[in-house]
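Me: I am new to this structure and should like to understand the terms used to describe it. Please explain each one as I ask.

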Amino acid sequence: MAKKASALPPGMDEYRLVFFRESELVRALSNYRRLRKDPLPPGQIARIQCDADDLSVKLHVQKDSGATLRVEFEAPEVAAALIVHCKDARIPLSRSAEKTLRMIAGRPAFLIKEFGGPPADADDEVEFR
């Protein structure tokens, strides 16, 4: 499969951070599980744990009976759920961009890097002082 050319001009790179609120994270994970025909158990989300080390998320679901179930999402599932959420919410994510899931200040975020390629003429460099 051929890689799509970047929309950025040669020599220009773009870095962007997209942060997600807890409500968006829960909605994204819930919708992702529903799409995979494995919905979350019925109940209320009692607690959300985001692990910055392994980029996992644990949802603690309190059932009507009072019992609490823990539903775990590994980093690839979290990333996939947030990509689907961005698509549904019309948040632009370039296919050619490198997307890295991060936890920043306890919130999930995508670091999006898009590279425009080498400059057409490297001799036109500008020095800043």
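Me: How do you know that β2 and β3 pair, and in which sense do they run?

Reply: The model is a predicted one. Two strands count as paired when at least two bridges are found between them. β2 and β3 are joined by 7 bridges, and they run antiparallel; therefore they meet the rule for a pair. Within β3, valine 57 is the residue opposite cysteine 50. The two strands form a hairpin with 4 residues between them, and leucine 55 in the turn has a positive phi of about 60 degrees.

Me: What makes β3 and β4 a pair?

Reply: The same threshold of at least two bridges applies. Between β3 and β4 there are 6 bridges, in the antiparallel sense, so the pair qualifies. Glutamine 62 has threonine 68 in β4 as its bridge partner, and lysine 58 stands opposite glutamate 72 in β4. This hairpin has 5 residues between the strands, with glycine 66 at a positive phi near 100 degrees.

Me: Why are β2 and β4 said to stand at the edges?

Reply: The sheet is open and has 3 strands in the order β2-β3-β4. β2 and β4 each have a single partner strand, so one side of each is without a neighbour in the sheet. On average, neighbouring strands are turned by 20 degrees against each other, direction ignored.

Me: Which strands of the sheet does α1 touch?

Reply: α1 packs on the sheet and touches β2, β3 and β4, its direction making about 100 degrees with that of β2. Helix α2, residues 75-88, also packs on the sheet; α2 touches β3 and β4, and its direction makes about 85 degrees with that of β4.

Me: Why is serine 56 called buried?

Reply: Buried means under 20% relative accessible area. Serine 56 has a value of 5%, so the term applies. Serine 56 lies in strand β3, where 6 of the 7 residues are buried. Beyond its neighbours up to four places away in sequence, serine 56 touches several residues, including Phe73 and Met103.

Me: What makes the link between the side chains of serine 56 and aspartate 54 a polar contact?

Reply: The limit for such a pair of N or O atoms is 3.5 Å. The two side chains make their contact at 2.7 Å, so the distance is within that limit.

Me: How do you know that leucine 40 is buried?

Reply: Leucine 40 has a relative accessibility of 17%. The cut-off is under 20%, so leucine 40 counts as buried. Leucine 40 lies in the loop between α1 and β2. Leaving aside neighbours within four places in sequence, its contacts include Ser30, Leu59 and Val71.

Me: Why is the pair of tyrosine 15 and phenylalanine 115 called edge-to-face?

Reply: Rings pair if their centres lie within 6.5 Å, and planes over 60 degrees apart count as edge-to-face. Here the centres are 6.1 Å apart and the planes stand at 85 degrees, so both conditions are met. The pair links distant parts of the chain, tyrosine 15 in strand β1 and phenylalanine 115 in strand β6, 100 residues apart.

Me: Why is tyrosine 15 called exposed, and phenylalanine 115 partly exposed?

Reply: Exposed means over 50%, and partly exposed lies between 20% and that value. Tyrosine 15 has 52%, so it is exposed. Phenylalanine 115 has 41%, so it counts as partly exposed.

Methods
Residues numbered from 1 in each chain as written. Predicted model: local features only at pLDDT ≥ 70, side-chain atom pairs only at ≥ 80, totals over all residues. Heavy atoms only, no water. Buried < 20%, exposed > 50% of the residue type's maximum accessible area, 1.4 Å probe, protein only. Polar contact = N/O pair within 3.5 Å; in protein donor to acceptor, adjacent residues only side chain to side chain. Contact = heavy atoms within 4.5 Å. Phe/Tyr/Trp six-rings, centres within 6.5 Å; stacked < 30°, edge-to-face > 60°. Axes fitted to C-alpha atoms, helices over the stretch in contact; angles between N-to-C directions.
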